[in-house]
Amino acid sequence: MTEDAPSRSRLLVKLLITNIVSTLALGGLMVLAAGTWHWPQLWILGIDVTVLNLGVHLWLLNDNPALLAERLGSPRQPNQTAWDKVFVAFAVVGMPLWFAVPGLDHRWGWSTVPIWIQAVGAVLIAVSLLSMVLVFRANSFAAPVVKVQAERGHSIVDTGPYAYVRHPMYSGAIPFLVGMPLLLGSWYGLIGSAATVLALGMRAVGEERLLTAELDGYPEYAARVRYRLVPGVW
């Protein structure tokens with residue numbers, strides 16, 4: 001047995017527990033909001049997200065367990081910036097509210113979304129989750145909180161998707177943010193999507209201020225890669 005086998009085993013258990021709890025919690029919230037289990041799009045969403053998300057993280061367990069451990073860490077950490085702790089707190093509150101909207105929409109029939117657009121939503125979710133492989137492969141410092149990881153030898157990453165945008169993880173999240181309400185047949189869910197994209201943009205600006213001040217070479221990188229989220233746009 002290799003030296004890191006026990007730690008990998010613990011990571012696997014934590015990964016499975018995290019996926020099960022999050023799936024049951026958010027799925028249960030949507031069921032409560034919708035008032036029914038008989039919602040095929042919700043089951044498709046659950047399978048889509050669970051299988052792809054678990055697959056990406058199992059790949060990460062094998063490819064970069066240190067990064068997986070970082071991503072499974074607490075959303076509040078000692079060296080995390082104060083403003084990012086506030087952002088995470090709002091995200092913890094806002095995400096369930098956002099997930100509840102399509103359920104309420106389904107219950108009361110506010111939206112009529114064509115089947116083909118719902119199918120596009122499912123594809124967008126898959127594209128978003130699979131794009132994380134490119135991000136994780138390029139960047140071993142892709143932590144879920146904003147901080148400089150000096151203890152891990154944090155350095156500039158400018159390969160893979162980071163050669164095109166400075167925050168490809170946020171860019172990769174946008175298709176999911178749009179696809180989830182579309183798959184669930186809720187136009188109103190896109191309001192929360194737009195608010196989340198705006199919040200990610202604000203977080204990206206704050207993150208860049210931190211990296212410019214504390215990470216060697218970041219100003220030069222930002223000068224080379226002009227766009228934050230969408231090439232040619234911003």
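Student: With 234 residues, what radius of gyration does the protein chain have, and what would a compact globule have?

Tutor: The protein chain has 18 Å, and a compact globule with 234 residues would have a radius of gyration near 17 Å, which agrees; the radius is taken over C-alpha atoms, and the globule rule is 2.2 Å times the number of residues to the power 0.38. Please keep in mind that this is a predicted model, in which local features need pLDDT of at least 70 and side-chain atom pairs count only at pLDDT 80 or more, while totals for chains, interfaces and linings use all residues. Residues are numbered from 1 along each chain as its sequence is written, and side-chain values use heavy atoms, with hydrogens and water left out.

Student: What does the C-alpha trace span along its principal axes?

Tutor: The C-alpha trace of the protein chain spans about 55 × 50 × 30 Å along those axes.

Student: And how many helices and strands are there?

Tutor: The protein chain has eight helices and zero strands, so the pattern read along the sequence is α-α-α-α-α-α-α-α; helices (H or I, at least four residues) and strands (E, at least two) are DSSP runs, numbered from the N terminus.

Student: How much of the protein chain counts as buried?

Tutor: Of the 234 residues, 42% count as buried, where buried means under 20% relative accessible area, exposed means over 50%, and partly exposed lies in between (1.4 Å probe, protein chains only). Among contacts with a separation of 6 or more, 79% are accounted for by residues 24 or more positions apart, a contact being heavy atoms within 4.5 Å.

Student: Let's go to helix 7. Which residues are buried there, and what do they pack against?

Tutor: The buried residues of helix 7 include Gly189, Ser193, Leu200, Gly201, Arg203 and Ala204, and the buried residues of this helix pack against helix 4 (82-108), helix 6 (168-183) and helix 8 (218-224). Helix 7 covers residues 189-214, and at 1.5 Å a residue its 26 residues should span 38 Å, which agrees with the 37 Å between its end C-alpha atoms; the expected span is 1.5 Å times one less than the number of residues.

Student: Helix 6 came up there. How many of its residues are buried?

Tutor: In helix 6, 13 of the 16 residues are buried, so this helix is largely enclosed by the rest of the structure. Its 16 residues should span 22 Å, and the end C-alpha atoms are 23 Å apart, which agrees. Just after helix 6, Gly185 takes a positive phi of about 75°.

Student: Is Ser171 buried or exposed, and what is it in contact with?

Tutor: Ser171, which lies in helix 6, is buried, with a relative accessible area of 18%. Leaving aside neighbours within four places in sequence, Ser171 is in contact with Val165, Arg228, Leu229 and Val230.

Student: Switching ends, where is Arg8, and which residues is it in contact with?

Tutor: Arg8 is found in helix 1 (residues 5-34) and counts as partly exposed, at 24% relative accessibility. Apart from neighbours within four places in sequence, Arg8 is in contact with Leu61, Asn62 and Pro65, while the C-alpha atoms of Arg8 and Ile191, 183 residues apart along the chain, are separated by 39 Å.

Student: What about Ile44 and Asp63, where are they found?

Tutor: Ile44 is found in helix 2 (residues 40-63), and Asp63 is found in helix 2 as well. Ile44 is partly exposed, with a relative accessible area of 44%, and Asp63 is partly exposed, at 46%. The C-alpha atoms of Ile44 and Leu184, 140 residues apart along the chain, are separated by 9.1 Å, whereas those of Asp63 and Phe136, 73 residues apart, are separated by 9.3 Å.
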